[in-house]
Amino acid sequence: MAPGAPSSSPSPILAVLLFSSLVLCPAQAIVVYTDREVYGAVGSRVTLHCSFWSSEWVSDDISFTWRYQPEGGRDAISIFHYAKGQPYIDEVGTFKERIQWVGDPRWKDGSIVIHNLDYSDNGTFTCDVKNPPDIVGKTSQVTLYVFEKVPTRYGVVLGAVIGGVLGVVLLLLLLFYLVRYCWLRRQAALQRRLSAMEKGKLHKPSKDSSKRGRQTPVLYAMLDHSRSTKAASEKKSKGLGESRKDKK
């Protein structure tokens, strides 16, 4: 390239990459959540929970689809669909009139209930959610096991044991603090009584001393009176004696 010549334009590949990075927004993958396993008894009902996370607000065009693959089967069939605010239940399959819609798109909930369970309901249920424009993402699966009587799972037993132990510990702590509170209260009452008794003993001598102080002047007055009467009687006797001498 000769000096002073204008620079060449960017290559077409670079322009395409720049356009795609600025204009085309990558789609956010929607995430769907279900339980791994659920258990039910013959003739009872079970709830298949389905929720999702999406980077977009809940759209009016949101849709939920449930598919069912029987135990040992290869193909999955659609048994429920929700779109445009309306649920559409399978009217010809094995779940005819046994599915109930209990979800709420506003709370990102697409759960359904299956009534009157039977052994033939064993299998895998798949929940698929589309929230346009967020439509890319993986589905989530839950496996249903139907028994004559629902077995108690190990986790439930362990949780009950742990809960019982924690309950006993809390009860013992409550009893300990209750006994301690009663003991402290009794000690405080005894302390108040002792202090009251000590105050009473301190006040008694002062009262006795005041009584003694009031009685002392009275005693002195009585002694003075007795002395004066004695002196007066002695004077009278002396006067009588002298008058008798004068008469003689």
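Let's start with L170, which is found in helix α2 (residues 154-247). This is a predicted model, and L170 comes out exposed in it, with a relative accessible area of 57%. L170 also belongs to a nonpolar surface patch, and that's a handy place to begin the tour.

**The nonpolar patch**
- Joining L170 in the patch are V161, V165, V169, L173, F176 and Y177, and together these residues have about 690 Å² of accessible area.
- F176 counts as partly exposed, at 48% relative accessibility.
- Y177 has 52% relative accessibility, so it counts as exposed, the cut-off being over 50%.

**Aromatic rings**
- Searching the whole structure turns up 11 aromatic pairs.
- One of them is F95 with F125: the ring centres sit 5.6 Å apart and the planes meet at 65°, so this pair is edge-to-face.
- That pair ties together distant parts of the chain, with the two positions 30 residues apart: F95 is in the loop between β7 (86-89) and β8 (99-101), while F125 is in strand β10 (residues 123-130).
- Are F95 and F125 buried or exposed? Both are buried.
- F176 and Y177, already met in the patch, pair up too: their ring centres are 5.4 Å apart with planes at 70°, so this is another edge-to-face case.
- Elsewhere, F52, F64, F80, Y82 and W101 are linked into a cluster by ring pairs.

**A small set of strands to trace**
- There's an open sheet made of 3 strands, in the order β4-β1-β11, and its pairing is mixed.
- β4 (50-53) and β11 (136-137) are the edge strands, each pairing on one side only.
- Strand β1 (residues 29-34) and β4 run antiparallel and are joined by 4 bridges.
- If you want a spot to look at there, find V31, which stands opposite W53 in β4.

**Backbone oddities in the loops**
- P132 and P133 are joined by a cis peptide bond, with omega at about 5°.
- P133 lies in the loop between β10 and β11.
- K84 isn't a glycine, yet its phi is positive, near 55°.
- You'll find K84 in the loop between β6 (77-83) and β7, and at 60% relative accessibility it counts as exposed.
- N116 isn't a glycine either, and its phi is also positive, at about 50°.
- Look for N116 in the loop between β9 (112-114) and β10.

Terms used. Residues numbered from 1 in each chain as written. Predicted model: local features only at pLDDT ≥ 70, side-chain atom pairs only at ≥ 80, totals over all residues. Heavy atoms only, no water. Phe/Tyr/Trp six-rings, centres within 6.5 Å; stacked < 30°, edge-to-face > 60°. Buried < 20%, exposed > 50% of the residue type's maximum accessible area, 1.4 Å probe, protein only. Pairing = 2+ DSSP bridges. Patch = residues over 30% accessible without salt bridge, like charges linked within 9 Å, V, L, I, M, F, W, Y side chains within 5 Å. Areas by Shrake-Rupley, 256 points an atom, 1.4 Å probe, with all protein chains shown as cover. Salt bridge = Lys/Arg side-chain N within 4 Å of Asp/Glu carboxyl O.
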